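Me: I have a structure open and some questions about it. Can we go through the strands, then the charges, then the surface?

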Amino acid sequence: MNKIYRYDITTKEFLHKLEINEAYGSNLPFTIDIKPLTKKDGFAVCFNGTKWEYIEDNRNKTIYVKDTKQELKVDYLGKIKDEHTLLIPKQFDKWDEISKNWIED
């Protein structure tokens, strides 16, 4: 039996390990025979086309738009976008790019 590793078509994130009979080959789509990295808190294990790598995973965390204070949920892999912050604003706060913090306006 050969071990292969399936990854997500969109995010390239590791999904699960499969064992297949050598006689059938391993031509399954979105699989690779390279063993993925060990899971790590705060990161997803993704295949970049050549090897597995850790990608920052903030999905489902609450973030705030710096310009509008709009509250959102992260729905993507990778670092938090520059226009967002994890810091919670108060009612009269305005984002200060120099200090990278909310300041009272």
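Me: How many bridges join strand E1 to strand E2?
Reply: Six, in this predicted model. E1 covers residues 2-7, E2 covers residues 14-20, and the two run antiparallel.

Me: Which residue in E2 is the bridge partner of Ile4?
Reply: Leu18. Another pair between these strands is Tyr7 with Phe14.

Me: What about the hairpin of E1 and E2, how many residues lie between the strands?
Reply: Six residues lie there. In this hairpin Lys12 takes a positive phi, near 65 degrees.

Me: Which residue stands opposite Arg6 in E3?
Reply: Thr31. E3 spans residues 31-32 and pairs with E1 over two bridges, in the antiparallel sense.

Me: What is the strand order in that open sheet?
Reply: The order is E2-E1-E3, three strands with antiparallel pairing. E2 and E3 are the edge strands, since each pairs on one side only.

Me: Switching to Asp93. Which strand is it in?
Reply: Asp93 is in strand E9, residues 93-96.

Me: Buried or exposed?
Reply: Asp93 has a relative accessible area of 13%. The cut-off for buried is under 20%, so Asp93 counts as buried.

Me: What does Asp93 contact, leaving aside neighbours within four places in sequence?
Reply: Lys69, Trp102, Ile103, Glu104 and Asp105. As for polar atoms, one on the Asp93 side chain lies 2.9 Å from the backbone nitrogen of Lys90.

Me: And how far apart in space are Asp93 and Phe14?
Reply: They are 40 Å apart, C-alpha to C-alpha, with a sequence separation of 79 residues.

Me: On to charges. How many salt bridges does the structure hold?
Reply: Four. One of them is between Lys100 and Glu97, at 2.3 Å from N to O. Lys100 counts as partly exposed, at 45% relative accessibility.

Me: Which residues do shared salt-bridge partners join into one network?
Reply: Glu13, Asp57 and Arg59. Within that network, the closest N and O atoms of Arg59 and Asp57 are 2.8 Å apart.

Me: Of that pair, what about Asp57, buried or exposed?
Reply: Asp57 is buried, with a relative accessible area of 19%. Arg59 is partly exposed, at 29%.

Me: Back to Glu97. Where do I find a salt bridge between Glu97 and Lys66, and what does the pair tie together?
Reply: Their closest N and O atoms are 4.0 Å apart. Glu97 is in the loop between E9 and strand E10 (101-104), while Lys66 is in the loop between strand E6 (62-65) and strand E7 (71-73), so the salt bridge ties together parts that are 31 residues apart in sequence.

Me: How accessible are those two, Glu97 and Lys66?
Reply: Glu97 is partly exposed at 43% relative accessibility. Lys66 is buried, with a relative accessible area of 12%.

Me: Last topic, the surface. Which residues form the nonpolar patch?
Reply: Leu37, Phe43 and Tyr54. Together these residues have about 230 Å² of accessible area.

Me: Where does Tyr54 sit?
Reply: In strand E5, residues 52-56. Tyr54 counts as partly exposed because its relative accessibility is 31%.

Conventions. Residues numbered from 1 in each chain as written. Predicted model: local features only at pLDDT ≥ 70, side-chain atom pairs only at ≥ 80, totals over all residues. Heavy atoms only, no water. Patch = residues over 30% accessible without salt bridge, like charges linked within 9 Å, V, L, I, M, F, W, Y side chains within 5 Å. Areas by Shrake-Rupley, 256 points an atom, 1.4 Å probe, with all protein chains shown as cover. Salt bridge = Lys/Arg side-chain N within 4 Å of Asp/Glu carboxyl O. Helix = DSSP H or I, 4+ residues; strand = E, 2+ residues; numbered from the N terminus. Buried < 20%, exposed > 50% of the residue type's maximum accessible area, 1.4 Å probe, protein only. Pairing = 2+ DSSP bridges. Contact = heavy atoms within 4.5 Å. Polar contact = N/O pair within 3.5 Å; in protein donor to acceptor, adjacent residues only side chain to side chain.
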